[in-house]
Amino acid sequence: MRLFSPHSSTLISSAAVLVLWMLPAVAAAQAGFQTLDPFYQDESARLDFFGGVAVSGEIGYRTTSLLQPGSDATAGLGSVAVSAQLDYALMRQVVVSGIVDLTGGVGQGSVGLSWLVIKPYWHNDGTDYAVRIAVDPASEGSLGFRQTDIAFLSTSASSPNLISTFAVGVRRVRTGYDTRPPAVETGGDPPIGTSATLFSDAQRVRVIGREIHASWGYSFLFDPAGSRIAVALLGAAGDYSLLRVVTGSQLEIAGESEDRIRSGMAWLRAGVELNRPSYQLAPYVSVPIATWANVEGEDVRHGPRPDRAQFGLRVTLR
């Protein structure tokens with residue numbers, strides 16, 4: 001839900017600075033793996049608010065790991081994700097954001113700051129560009145931030161009613177040690193291509209890896225208010241090293257092993273954004289169309305999986 005009133009921009013701007021200052025205090029409440037990934041799905045290189053501050057909210061349904069067998073009785077069970085985002089125009093063409101995972105508010109996982117973002121914009125020769133730098137503020141000691149994501153975006157108009165958007169980026173994942181199974185306790189997903197079965201209460205796991213993300217899509221404007229139908233292809237690939245330390249009953253190290261996981265996924269996303277003077281509704285659905293992973297030397301491959309579709313709704317009040 002995005003709330004904005006030009007008549008209250010000064011008051012909201014002051015509150016935004018205060019909230020952004022307070023948010024890191026709850027960052028430590030996050031679980032072992034990121035439960036929220038808002039990037040590359042409907043990002044644009046164009047500013048979508050102009051009054052200094054915007055507050056948005058989204059609710060969505062996420063399925064379990066795509067690497068779990070399709071015949072598993074629990075494979076079709078997912079979880080509800082709720083998030084909020086605060087955008088603040090630091091300068092005319094620079095926006096800073098804080099993204100909070102509110103899933104704990106509906107009984108799934110913890111509530112905490114998921115990402116801090118800075119995003120400069122510019123326009124050149126009929127095309128809008130942006131660079132987005134995002135960090136997961138949870139620290140892993142000498143490993144630095146748990147996740148860092150840097151992306152380049154461009155948006156251009158192919159015709160008065162057709163807009164194309166492209167995004168590409170890289171992410172560094174350094175999760176440190178974790179003794180809890182995050183996909184069970186938080187309802188979140190481990191890094192791309194990793195399965196929840198790799199984690200147990202008897203193991204401590206450090207995951208170090210890199211991911212490549214990309215998206216390419218088109219939006220068709222169908223009314224003067226800017227309402228649109230959007231379709232996009234999303235892709236991601238990851239390469240990770242997993243160091244697992246097995247502990248005994250007296251918490252003594254019984255042994256350790258290191259594995260390598262490589263994976264790739266592709267999604268088809270479609271949505272409608274209905275714009276009106278006082279509100280905006282934006283439902284969407286994402287369907288995995290290809291999944292591949294090499295886990296402990298074994299290949300896992302899947303084609304289109306409509307049963308693992310994810311869907312959600314973003315609401316805007318103006």
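Mentor: Let's start with pLDDT, which is the predictor's confidence in each residue, from 0 to 100. We need it here, as this is a predicted model.

Trainee: Happy to begin there! In which elements of the protein is confidence lowest and highest?

Mentor: Helix α1 (residues 9-22) has the lowest confidence, with a mean of 33, while strand β8 (residues 162-174) has the highest, at 94. Around that helix, pLDDT is below 50 over residues 1-35, although the model gives this stretch 84 contacts beyond near neighbours in sequence.

Trainee: How should I read such a stretch, in detail or not?

Mentor: Where pLDDT is low, the predicted coordinates should not be read in detail. Another case is residues 70-74, where pLDDT stays under 50 and the model has 5 contacts beyond four places in sequence. Across the protein, the mean pLDDT is 75, and 66% of residues reach 70 or more.

Trainee: And how many helices and strands are there?

Mentor: The protein has 2 helices and 14 strands. Of its contacts with a separation of 6 or more, 62% join residues 24 or more positions apart.

Trainee: Let's take one residue, then. Is Leu153 buried or exposed?

Mentor: Buried means under 20% relative accessible area. Leu153 has 0%, so Leu153 is buried. This residue sits in strand β7 (residues 145-159), and buried residues make up 47% of the 318 in the protein.

Trainee: Which residues is Leu153 in contact with, beyond four places in sequence?

Mentor: Among them are Glu43, Ser44, Ala45, Tyr129 and Phe166. Ser44 is a nice example: Leu153 and Ser44 lie 109 residues apart in sequence, yet their C-alpha atoms are 6.8 Å apart in space.

Technical notes: Residues numbered from 1 in each chain as written. Predicted model: local features only at pLDDT ≥ 70, side-chain atom pairs only at ≥ 80, totals over all residues. Heavy atoms only, no water. Helix = DSSP H or I, 4+ residues; strand = E, 2+ residues; numbered from the N terminus. Buried < 20%, exposed > 50% of the residue type's maximum accessible area, 1.4 Å probe, protein only. Contact = heavy atoms within 4.5 Å.
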